[in-house]
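Work through the exercises below with the sequence and the 3D structure at hand. Try each task before reading its solution.

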Amino acid sequence: MKTIEARYDASALAYRTWWEPVLRPTGLDLLDRLGRVAGGPAGRVLDVGTGAGLLAIEAVRRWPAANVIGLDGSTEMLAVAEATARADLPPADLARIDWLRGHAQELPFEDGSFELVISSFAYQLVPRLTPALAEALRVLRPGGRLAFVTWRIGDDRFDPDEAFEDALDELDPLDEESAAEEARNGDLTSAGAVATRLRRIGFRSVVAREAWLTFDHDRATYLAFLEEYAERELFADLALAEQRRLRAAATRRLSRLPSAAFRWRVPVVYALARRPESIEREP
Ligand SMILES: C[S@@+](CC[C@H](N)C(=O)[O-])C[C@H]1O[C@@H](n2cnc3c(N)ncnc32)[C@H](O)[C@@H]1O
């Protein structure tokens with residue numbers, strides 16, 4: 001079983017092409033929500049699980065007095081983030097952004113060294129959520145803020161994926177193990193549960209809200225999305241003839257679905273919280 005890090009290392013460019021656009025509006029919405037509560041931060045900002053740099057790059061664009069570190073466990077994701085920043089940011093903004101390999105559960109920073117910790121769709125991947133959030137609290141200065149968004153557990157049924165699974169079933173004898181799902185330990189059960197958890201860890205001014213991420217996949221490119229990103233490992237494990245058969249079966253089944261079936265709608269939770277001036281944890 002590959003580590004999460006190795007999976008992201010292997011799919012970093014495909015991530016930026018196929019997956020970041022799905023998450024982008026929700027990531028940007030997190031920064032909008034934070035801006036409405038706290039205005040623009042001045043000082044050090046940490047983006048945990050920065051991936052291809054979505055929040056980190058947007059943070060330096062939006063907040064001229066912020067110095068941002070994008071942290072990720074995957075070296076290849078950081079390389080993509082860095083290249084993207086170089087291509088997209090003017091030199092003055094580029095000078096305020098750094099990239100660092102590290103892990104959410106063991107942040108390589110001094111206590112109290114950040115004004116703000118932000119994160120989009122990374123806390124679901126940490127080995128244990130509470131210690132990782134406690135690390136965010138530790139590196140925040142008193143009064144500093146945490147803002148993150150991640151998945152809420154929901155009904156994952158999506159007709160295009162069901163059609164693809166049916167296409168796979170046609171190709172018996174395929175090993176179902178090869179379609180292993182990415183482990184996501186930290187999908188949240190509810191906004192209320194994450195708010196309670198944050199308060200227990202020692203955060204205050206906690207606001208957690210449930211919302212929906214909606215993305216209209218393109219029927220014409222959905223199979224390419226599966227082949228190049230979401231089911232990349234599965235395709236790579238197949239012989240060329242099997243790949244061809246799977247493509248043909250999936251194309252036939254996907255083409256029978258109406259365009260409306262390609263609207264993906266999944267629940268997320270936004271959480272905003274603050275480190276109090278002095279830390280006293282709830283019992
Ligand atoms: C779904 S991507 C999200 C990337 C980016 N925040 C975005 O919204 O596009 C998750 C990222 O978290 C990273 N990651 C997973 N587990 C991590 C951990 N324990 N510590 C740091 N980064 C981690 C992965 O390497 C990947 O780049």
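A residue counts as near a molecule if its C-beta atom, placed from the backbone, lies within 6 Å of that molecule. The model used here is predicted.

**Exercise 1. The ligand shell**

Task: State how many residues surround the ligand and which come nearest, and describe the shell by residue class.

Solution.
- Step 1. Around the ligand there are 24 residues. Those that come nearest are Y8, G49, G51, S74 and S120.
- Step 2. Sort the shell by class: 12 of its residues are nonpolar, nine are polar and three are charged.
- Step 3. Look for the helices that take part. At least two shell residues come from each of helix 1 (4–10), helix 2 (12–38) and helix 3 (54–62).

**Exercise 2. Two packed helices**

Task: Describe how helix 2 and helix 9 pack, and list residues that meet in the contact.

Solution.
- Step 1. Two packed helices are described by an angle and a distance, both taken between their axes.
- Step 2. For helix 2 and helix 9 (residues 222–230), the angle is about 145° and the axes are 9 Å apart.
- Step 3. Add the handedness: helix 2 and helix 9 cross in a left-handed manner.
- Step 4. Name the residues. From helix 2 come A14, Y15, W18 and W19, and they meet F225, E228 and Y229 of helix 9. By class, the contact of helix 2 with helix 9 has six nonpolar residues, no polar ones and one charged.

**Exercise 3. E20 in helix 2**

Task: Decide whether E20 is buried, exposed or partly exposed, and find what E20 touches.

Solution.
- Step 1. Locate the residue: E20 belongs to helix 2.
- Step 2. Apply the cut-offs: 20 or more other C-beta atoms within 10 Å make a residue buried, and 12 or fewer make it exposed. E20 has 18 C-beta neighbours inside 10 Å, so it counts as partly exposed.
- Step 3. Leave out residues up to four places away in sequence; E20 then touches Y15, G51, A52 and L54.
- Step 4. Check one of these pairs. E20 and A52 are 32 residues apart along the chain, and their C-alpha atoms are separated by 7.6 Å.

**Exercise 4. The nonpolar cores**

Task: Identify the residues of the largest nonpolar core that touch the most other members.

Solution.
- Step 1. The largest nonpolar core has 64 residues. Within this core, A59, V117, I118, V269 and A271 touch the most other members.
- Step 2. Take A271 as an example. Neighbours within four places in sequence aside, A271 is in contact with F148, V194, L198 and A208.
- Step 3. Another core, of nine residues, lies apart from the largest one; A167, Y222, L246 and A250 are among its members.

**Exercise 5. Positive phi**

Task: Compare the places and burial of F121 and S205, and give the phi of F121 and of S205.

Solution.
- Step 1. Most residues other than glycine have a negative phi.
- Step 2. F121 has a positive phi, near 55°. S205 also has a positive phi, near 50°.
- Step 3. F121 sits in the loop between strand 4 (114–120) and helix 6 (129–139), whereas S205 is in strand 6 (residues 204–216).
- Step 4. F121 is buried because 24 other C-beta atoms lie within 10 Å. For S205 the count is 15, so S205 is partly exposed.

**Exercise 6. Two loop residues**

Task: Where are D187 and L238, and which residues does each touch?

Solution.
- Step 1. D187 is in the loop between helix 7 (159–170) and helix 8 (191–201). L238 is in the loop between helix 10 (232–236) and helix 11.
- Step 2. D187 has 18 other C-beta atoms within 10 Å, so D187 is partly exposed. L238 has 17 C-beta neighbours inside 10 Å, so L238 is partly exposed.
- Step 3. Set aside residues within four places in sequence. D187 is then in contact with Q124, W151, R152 and I153, and L238 touches Q243 and L246.
- Step 4. Relate sequence to space. D187 and L137 are 50 residues apart in sequence and 20 Å apart, C-alpha to C-alpha. For L238 and R16, the separation is 222 residues in sequence and 24 Å in space, C-alpha to C-alpha.

Key: Residues numbered from 1 in each chain as written. Predicted model: local features only at pLDDT ≥ 70, side-chain atom pairs only at ≥ 80, totals over all residues. Helix = DSSP H or I, 4+ residues; strand = E, 2+ residues; numbered from the N terminus. Nonpolar A, V, L, I, M, F, W, Y, C, P; charged D, E, K, R; others polar. Axes fitted to C-alpha atoms, helices over the stretch in contact; angles between N-to-C directions. Left-handed = near helix turned anticlockwise from the far one by under 90°. Contact = placed C-beta atoms within 7 Å. Core = buried A, V, L, I, M, F, W, Y, C linked by C-beta atoms within 7 Å.
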